[in-house]
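Colleague: Hi! Could you walk me through this one? I'm new to reading structures.

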Amino acid sequence: LLILRERIWYIVVVFLVVFSSSLVYTLSDTKIYQSSATVQILRREATPMQGVQQVTDNDIRSAEDLNTQIKVIESVNIIQRVAERIKGDDLRAFLAPYERTGTETVFVAETVARNRKVIPQRLTLVVIVSYQHPDRFVAAKVANLFVEEYLNKNQRLRAADLTKAMDDLQVTVDDQSKKVDQLMRKLQSYKEKNKTVSLDQRKDIVSESLKVANLDAQKAGVVLQLAEARLNQIKEYRTKGVELTGLAFVAGQKPIEDLMQQQAARTIEVAKLAERYREKHPEMISARRSFEQTKLELERAINSVCEQVESEYKSALTNFKARQQELEKNKADSLELDRAGVEYTQIEREYLTQNQMLQSIAARSRETT
């Protein structure tokens, strides 16, 4: 106690120096923000088409399958794609704490890999991707980009699988078409042998018309399906209250893309001014008015695209009904001619059977498409 008493001021001085130094260092150190994005890995891809379900299988059966998906998120390919997507203002904000300029993709990729963490949640199929950066908006942007690129990679894989399925189905369609062509030639030979030339001429005309009508109906059906899918996506997004800019065919419009960029710039401008001024400051009022004006123009542009999609759907529906009526009329004419050819019913039945198989396979190919 005597020793401590004699040296009490040394102890106090040392304590104050250490405490003050620690306090200054802590307060002057750069803040690091961490943002996390969550992705759920589905046990099986929801596939409404039977033909596609037999081709693609994304079932997660074991921990190895889940770990594989995690490694995909951690892969260099995903990191490189994320680095390539950091551009413009995002790139400048990303490089600002490191005092670097330009588009140094290699440096960006290395920095992204160093500050990213992929954390699987125990006993779940949920994975958290977190990222640390001195700028909280950059941290959130990069974390979201990782999840987006992972989803995009899965979409590319599914597209590749579907392309292979389409190629396989096309080979089957070609083989079946050859069988049908052989039967048609056999039927033609029978009619010529029995001198049914007039029936054959009418059959050729009606068959050609039927082919054209069938092709037109198929094309109209594809156009209608695409238009209906877009319209349903818009309705679904509106029902759920989700921003329509999440739809590629909406966000991809040049005016909307420009307005979204302007809105993002206005948002950043308002956020920066909010750090210096209050709500009633003239610059804050002007900035918020510009933001609201841009937001209103964006809503108008989106509504215009939605109206255009609805108009395309109505036009496609009208055209599809007209093509269907024409197809039904040609089918009726064809059946009438078939009834006139009773003599070659057996050959015709075999031909129709094979042709029906061809139509079924072709329909499955269109469905996969």
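Modeller: Happy to! Helices and strands here are DSSP runs, numbered from the N terminus. Keep in mind that this is a predicted model.

Colleague: Cool. Where is Thr368?

Modeller: Thr368 sits in helix 13, which covers residues 345-368.

Colleague: Is Thr368 buried or exposed?

Modeller: Buried, because its relative accessible area is 5%, and the cut-off for buried is under 20%. Thr368 is also 206 residues from Leu162 in sequence, yet their C-alpha atoms are 6.9 Å apart in space.

Colleague: New topic: which residues touch the most other members of the largest nonpolar core?

Modeller: That core has 32 residues, and the ones with the most contacts to other members include Val82, Phe94, Val112 and Phe146. Several elements supply at least two residues each, among them strand 1 (33-40), helix 5 (76-85) and helix 7 (105-115). Helix 8 gives the most, with eight residues.

Colleague: What is Val112 in contact with, apart from its close sequence neighbours?

Modeller: Leaving out residues within four places in sequence, Val112 contacts Ile79, Val82, Ile86, Phe94, Tyr131, Val142 and Phe146. There is also a second, separate core of 14 residues, which includes Leu247 and Leu298.

Colleague: Why would nonpolar side chains be buried together?

Modeller: As a general tendency, that is what they do in soluble globular proteins.

Colleague: And Asn115, what does it touch?

Modeller: Asn115 is in helix 7. Not counting residues up to four places away in sequence, Asn115 touches Tyr98, Ser130, Tyr131 and Gln132. A polar atom of the Asn115 side chain also lies 2.8 Å from the backbone oxygen of Thr111.

Colleague: How many salt bridges are there in the whole structure?

Modeller: A search finds nine. In one of them, the side chains of Arg85 and Glu149 meet at 2.9 Å, N to O. Arg85 is in helix 5 and Glu149 is in helix 8, so this pair ties together parts 64 residues apart in sequence.

Colleague: Is Glu149 buried or exposed?

Modeller: Glu149 counts as buried, because its relative accessibility is 5%. Arg85 is partly exposed, at 36%.

Colleague: Got another salt bridge for me?

Modeller: Sure! Arg92 pairs with Asp89, with the closest N and O atoms 2.1 Å apart. Arg92 and Asp89 are three residues apart in helix 6, so about one helical turn separates them. As for shared partners, salt bridges join Arg85, Glu148 and Glu149 into one network.

Note on methods:
Residues numbered from 1 in each chain as written. Predicted model: local features only at pLDDT ≥ 70, side-chain atom pairs only at ≥ 80, totals over all residues. Heavy atoms only, no water. Helix = DSSP H or I, 4+ residues; strand = E, 2+ residues; numbered from the N terminus. Buried < 20%, exposed > 50% of the residue type's maximum accessible area, 1.4 Å probe, protein only. Core = buried A, V, L, I, M, F, W, Y, C linked by side-chain atoms within 4.5 Å. Contact = heavy atoms within 4.5 Å. Polar contact = N/O pair within 3.5 Å; in protein donor to acceptor, adjacent residues only side chain to side chain. Salt bridge = Lys/Arg side-chain N within 4 Å of Asp/Glu carboxyl O.
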